[in-house]
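Here are a few short exercises to try with the structure open in front of you. Have a go at each task before you read its solution.

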Amino acid sequence: MAEFFTDVSPIQFEGPDTDNDLAFRFYDPDRMVMGKRMEDQLRIAVCYWHSFNWPGSDVFGAGTFDRPWLGGSMEPMAAARMKMDAAFEFFAKLGTPFYCFHDLDIAPEGDTFAETRSNVEAMVEYAEQKMEETGVKLLWGTANLFSHPRYAAGAATNPNPEVFAYAAAQVKNALDATLRLGGSNYVLWGGREGYETLLNTSVSKETDQLARFMHMVVDYKKAIGFEGTLLIEPKPQEPTKHQYDYDSATVHGFLERYDLFGEFFVNIETNHATLAGHSLHHEVAYAVENGVFGSIDANRGDPQNGWDTDQFPNSVEEMSLSLYEIFSRGGFKNGGFNFDTKLRRQSMARDDLFHAHIGGIDTLALSLLVAEQLISGGGLRAARDARYAGWSSALGAAISGGTADLAALEAKVIAGEIDPKPVSGRQEALENLINRAIWTTS
Ligand code: XUL
Ligand code: CO
């Protein structure tokens, strides 16, 4: 098996003062942070699709990357094996513990479903071997229910039940593959579960279908004994004009409405959060506080354009705020940080993939150290607790316990027992706490 990334040796932690561009400055896997090894806290994964399956094409031009297994001149299964060799060489040299894949990232689609199924099975067997050799594990598996023209009008939400059935068959196999490879999670991203125009769409029929599909996934997960977490990945739009899994709050409402709460959790992606008009911090805080948090697709968008650019994360401030929310409530269970990230189209040298991941991983590692300091410093927690302290008083307990009604509260206000005074929200002082933690940690 020929080496692909010949100019790169395994990446090591060398500390902040190193001048080696191909080394970690903050990601020190064995360093203990909040009671666990840094590697076990962050649970970092590389994604198969953008890094090994995408040629660097855009809507105006062809692929620019050096990926000899793409492009169609090789026999498809030989190309799939060459791609997998390069992928596992990359995972092992980068030294991160996990990867993620869609069924059709690892295996070519055949002329029939049976052929596709046997291609996927053969590549799962090959992956099993590679995982054994390298020790790299699967954070999550998923099925590609959006690229083939049959899914142009959606998968579970398609007006044609035959497409629903086809998607069901594909997800069954992808769940089997995820179970076999010991995946920690299984993801559903509703790529085309939405609409292009309301003129031909029944939104209630489509959301009912999506819920039916999700119940079938839960039933099958239980039938085969898959103990990982089922995740749904919110995204407001792109590729369709509107997607039903718009953001964490929408997914939460959907889960409650269709009796799926506790069965599915959210896989939050930074750039999907910003497309929805939120921040990653908002999405994470919402999900964590409402019992639906699962995992993160780490990346970033470009504030000057309005689509999913999937760039590598480079803002310690943004990540620190989200890690603060995650780790002040105990950190990940089965989730982790998947790099759902794309190189820029001009980053065509083979080692660009290493530089990109190293930068993103160090951003996460430094953010974890900042979060640790914010948590142990206790300033943010104390300020939040103080702000809501009134709810522990007799009045607060009566309101939230349901023993005070509108008339009872009015009587107290009229009697002058209640006369609230505005207090400072201390926003700038709290923002200074964040910056001070960043400055002292880096
Ligand atoms: C698309 C996206 C997907 C999912 C997996 O925006 O994020 O790659 O993560 O299907
Ligand atoms: Co994603």
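A residue counts as near a molecule if one of its heavy atoms lies within 4 Å of it. This is a predicted model, where local features need pLDDT of at least 70, side-chain atom pairs count only at pLDDT 80 or more, and totals for chains, interfaces and linings use all residues. Residues are numbered from 1 along each chain as its sequence is written, chains are lettered from A and ligands numbered from 1 in the order in which they are written, and side-chain values use heavy atoms, leaving out hydrogens and water.

**Exercise 1.** Find which residues surround ligand 1, and sort them by class.

*Solution.* Start with the list: Trp49, His102, Trp140, Trp189, Glu233, Lys235, Glu269, His272, Asp297, Asp308 and Asp340 surround ligand 1. Next, sort them, with Trp counting as nonpolar, Asp, Glu and Lys as charged, and His among the others, as polar. You should get three nonpolar, two polar and six charged residues.

**Exercise 2.** Look for polar contacts (pairs of N or O atoms within 3.5 Å) between ligand 1 and side chains.

*Solution.* Take Asp340 to begin with: an N or O atom of its side chain is 2.8 Å from an oxygen atom of ligand 1. Then try His272, with a polar side-chain atom 2.9 Å from a ligand 1 oxygen. Finish with Trp49, where the distance to an oxygen of ligand 1 is 3.1 Å.

**Exercise 3.** How far apart are the C-alpha centres of domain 1 and domain 2?

*Solution.* First, mark the bounds, which come from an automatic or database domain assignment: domain 1 is 32–377 and domain 2 is 383–441. Their C-alpha centres lie 39 Å apart. Lastly, check for contact (heavy atoms within 4.5 Å): eleven residues of domain 1 touch seven of domain 2 in this sense.

Technical notes:
A polar contact is a pair of N or O atoms within 3.5 Å; within protein, one must be able to donate a hydrogen and the other to accept it, and residues adjacent in sequence count only if both atoms are side-chain atoms.
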